[in-house]
Amino acid sequence: MLLPDVASLTSLIEVVRIAAPTAVYATGAVVGEDLAIWDEEHSRQVLSLIAEVPAGELHRCFAPAYGIRAHGAANLLFEIAFCFRCHGALLLGLGVPSGLRGIQGFDADSPAARALLDRFRACESG
């Protein structure tokens, strides 16, 4: 999956459980319950995993359940809302160039996507 260049500046990631998927469109941000904060090392691992997720065919529903907010040293860099049912990831934020902004299709059945979903689910259980 394509990530913005500012991803390399990420120092922490907030993991978000998105309770109201339509709120992502209404606010232009990943909103919901904060589940975890991943430090710089964990953030690097997760961003590497996201980069490994191959492109895929986007389906219709786009009802994201999980999202991330990637922060640099001083500000929010970008956000991604993930819908593993329709295989869509919405990239938002000032650090996302116009060519990447919007929904990307990804292969939600790929090993990298399954590992990412497992990490999100682990945040809910513990």
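Is R17 buried, partly exposed or exposed, and what is its relative accessible area? I begin there because R17 is partly exposed, with a relative accessible area of 27%, and several of the contacts I want to show you run through that residue or through its strand. Please keep in mind throughout that what you see above is a predicted model.

Let me stay with R17 for a moment. Its side chain forms a salt bridge with E124, and the closest N and O atoms of the two are 3.0 Å apart. Since E124 belongs to helix 3, which covers residues 111–125, while R17 belongs to strand 1, the pair ties together parts of the chain that are 107 residues apart in sequence. The partner, E124, is itself partly exposed, at a relative accessible area of 40%. R17 also lies over the face of Y66, at 4.9 Å from the ring centre, and within the sheet R17 stands opposite E33 in strand 2.

That brings me to the strands themselves. Strand 1 pairs with strand 2 in the antiparallel sense, over 5 bridges, and strand 1 also pairs with strand 3, again in the antiparallel sense, over 6 bridges. In the second of these pairings, E14 stands opposite R69 in strand 3, and the two residues are joined through their side chains as well, in a salt bridge of 3.0 Å from N to O. The positions are 55 residues apart, with R69 in strand 3 (residues 66–71) and E14 in strand 1 (residues 12–17). How accessible are R69 and E14, buried or exposed? Both of these residues are buried, and for R69 the relative accessible area is 14%, which falls under the 20% cut-off for that class.

R69 has a further partner, because D34 also forms a salt bridge with R69, here with the closest N and O atoms 2.9 Å apart. This pair, too, links distant parts of the chain, with D34 in strand 2 (residues 33–38) and R69 in strand 3, 35 residues apart. In contrast to the buried R69, D34 is partly exposed, with a relative accessible area of 44%. If we then step back from the single pairs, E14, D34, R69 and E79 turn out to be linked in a network of salt bridges, and a search of the whole structure finds 6 salt bridges.

Now to the aromatic side chains, where the same kind of search finds 7 aromatic pairs. Take F82 and F106: their ring centres are 6.2 Å apart and their planes stand at 85°, so the pair is edge-to-face. The two residues are 24 residues apart, with F82 in strand 4 (residues 76–83) and F106 in the loop between strand 6 (102–105) and helix 3. Both count as buried, F82 at 1% relative accessibility and F106 at 2%.

F106 has another ring partner in F84, with centres 5.5 Å apart and planes at 85°, so this pair is likewise edge-to-face. Here the separation along the chain is 22 residues, F84 being in the loop between strand 4 and strand 5 (88–92). F84 counts as buried as well, at 16% relative accessibility. Which residues do the ring pairs link into a cluster? They are W38, Y66, F82, F84, F106 and F120, and you will recognise Y66 as the residue whose ring face has R17 lying over it.

The last residue I would like to point out is T10, which lies in the segment before strand 1. T10 is buried, with a relative accessible area of 5%, and its side chain reaches the backbone oxygen of A7 at 2.8 Å. Leaving aside residues up to four places away in sequence, T10 touches E40, S43, L47, A70, H71, L77 and F78.

To pull the threads together, strand 1 pairs with strand 3 and with strand 2, the salt-bridge network takes in E14, D34, R69 and E79, and R17 has both its salt bridge to E124 and its place over the ring of Y66, with Y66 in turn belonging to the aromatic cluster.

Methods: Residues are numbered from 1 along each chain as its sequence is written. This is a predicted model: local features need pLDDT of at least 70, side-chain atom pairs count only at pLDDT 80 or more; totals for chains, interfaces and linings use all residues. Side-chain values use heavy atoms; hydrogens and water are left out. A salt bridge is a side-chain nitrogen of Lys or Arg within 4 Å of a carboxyl oxygen of Asp or Glu. Helices (H or I, at least four residues) and strands (E, at least two) are DSSP runs, numbered from the N terminus. Buried means under 20% relative accessible area, exposed over 50%, partly exposed in between (1.4 Å probe, protein chains only). A polar contact is a pair of N or O atoms within 3.5 Å; within protein, one must be able to donate a hydrogen and the other to accept it, and residues adjacent in sequence count only if both atoms are side-chain atoms. Contact means heavy atoms within 4.5 Å. Rings of Phe, Tyr and Trp (its six-membered ring) pair if their centres lie within 6.5 Å; planes under 30 degrees apart count as stacked, over 60 as edge-to-face and the rest as tilted. A charge sits over a ring if NZ of Lys or CZ of Arg is within 6 Å of the ring centre and within 35 degrees of the ring normal. Two strands pair if DSSP finds at least two bridges between them.
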